[in-house]
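Visitor: I am new to this structure and would like a close look at a single part of it. Could you choose one strand and guide me slowly through its surroundings?

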Amino acid sequence: MSPNDPDSDGDGASDGLERELGGNPTVSDVDAFTDADGDGLVNIVETDGWEVTIEGVSTSPSTCITRCDAGLPMTMTVTSDPLVADTDFDGLLDSEEFELGTDPRNEDTDGDGLTDAQEIDGIEIRDLGIVVLDPLDADTDDDKRSDGDEAELVDVEANRWIVRVAGEQPYRV
């Protein structure tokens, strides 16, 4: 390595980047440091992967007054395909998934029934207008219902709650 040459092995990746990503700055490992699919991530990041932490739906054991406890977190290591710019075809490039900390192999990282792109771009919810949600939290508002169930984008009538007030007719909400 030469202190006067930022890329000692001439492979297009600076010595510092190679060290940071686990490459060898004295050996030309250009394939690892190119971006074969043009998504903004070098191949070695896509194949080595990154950690993603998601929160499930709140499981608070008691009735919550304003906000329940957050769901249990789960951390996993994910990778993407260095030859496909959007590995899960959810509308987010793998580099965007890397920046967001979402899973590029799962269009719905938190498993709430909404795609990562829907949660990032926002969805129209009844009278609330466009609401942006957290693609890493299945229950963004921690109310014991998944974001997908609350959005009511599928099976709206089948999933409505029936409210029964003493002395009044039951109604669906």
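Guide: What follows is a walk along strand β1 and outward from there to its surroundings.

Please keep in mind throughout that this is a predicted model. To place the strand, it helps to begin with the whole chain, whose secondary structure comes to five helices and six strands. Read from the N terminus on, these elements run α-α-β-β-α-α-β-β-α-β-β, and of the 173 residues of the chain, 37% count as buried.

Strand β1 covers residues 50-55, and its side chains alternate along its length. W50, V52 and I54 point to one face and are buried, whereas E51, T53 and E55 point to the other face and are not buried. This fits a general pattern, since in a regular strand the side chains alternate between the two faces of the sheet. The partner of β1 is strand β2, made of residues 73-78, which runs antiparallel to β1 and is joined to it by six bridges. One place where you can see the two strands side by side is at E55, which stands opposite P73 in β2.

The buried face of β1 leads into the largest nonpolar core, a group of ten residues made up of A13, F33, L41, I44, V45, W50, V52, I54, V78 and L136. Two elements, α2 (43-48) and β1, give two or more residues to this core, and β1 gives the most, with three residues. Such a grouping is in keeping with a general tendency, for in soluble globular proteins nonpolar side chains tend to be buried together.

V52 shows how many parts of the chain can meet around one residue of the strand. Leaving out residues up to four places away in sequence, V52 touches M74, T75, M76 and V78, and also G101, T102, D103, T109 and L136. Apart from this core lies another one, of five residues, among them L114, I125, L133 and A151.

W50 deserves its own pause, and with a relative accessible area of 8% it is buried, because that value is under 20%. The structure holds one aromatic pair, and W50 forms this pair with F98 in an edge-to-face arrangement, at 5.1 Å centre to centre and with 90 degrees between the planes. The pair links distant parts of the chain, as W50 is in strand β1 while F98 is in helix α3 (residues 94-100), 48 residues apart. F98, at 31% relative accessibility, counts as partly exposed.

From the core, one can also look toward helix α1, where L21 has its place. L21 counts as partly exposed, at 23% relative accessibility, and, leaving aside its neighbours within four places in sequence, it is in contact with F33, V42, I44, V45 and D48. The C-alpha atoms of L21 and F33 are separated by 9.2 Å, although the two residues are twelve residues apart along the chain.

In the segment before α1 (15-21) you will find D7, which is buried, with a relative accessible area of 16%. Not counting residues up to four places away in sequence, D7 touches G12, A13, S14, D15 and E18, and A13 in turn is one of the residues of the largest nonpolar core, which brings us back to the group that takes in W50, V52 and I54 from β1.

Note on methods:
Residues are numbered from 1 along each chain as its sequence is written. This is a predicted model: local features need pLDDT of at least 70, side-chain atom pairs count only at pLDDT 80 or more; totals for chains, interfaces and linings use all residues. Side-chain values use heavy atoms; hydrogens and water are left out. A nonpolar core is a set of buried Ala, Val, Leu, Ile, Met, Phe, Trp, Tyr and Cys residues joined through side-chain atoms within 4.5 Å. Buried means under 20% relative accessible area, exposed over 50%, partly exposed in between (1.4 Å probe, protein chains only). Helices (H or I, at least four residues) and strands (E, at least two) are DSSP runs, numbered from the N terminus. Contact means heavy atoms within 4.5 Å. Rings of Phe, Tyr and Trp (its six-membered ring) pair if their centres lie within 6.5 Å; planes under 30 degrees apart count as stacked, over 60 as edge-to-face and the rest as tilted. Two strands pair if DSSP finds at least two bridges between them.
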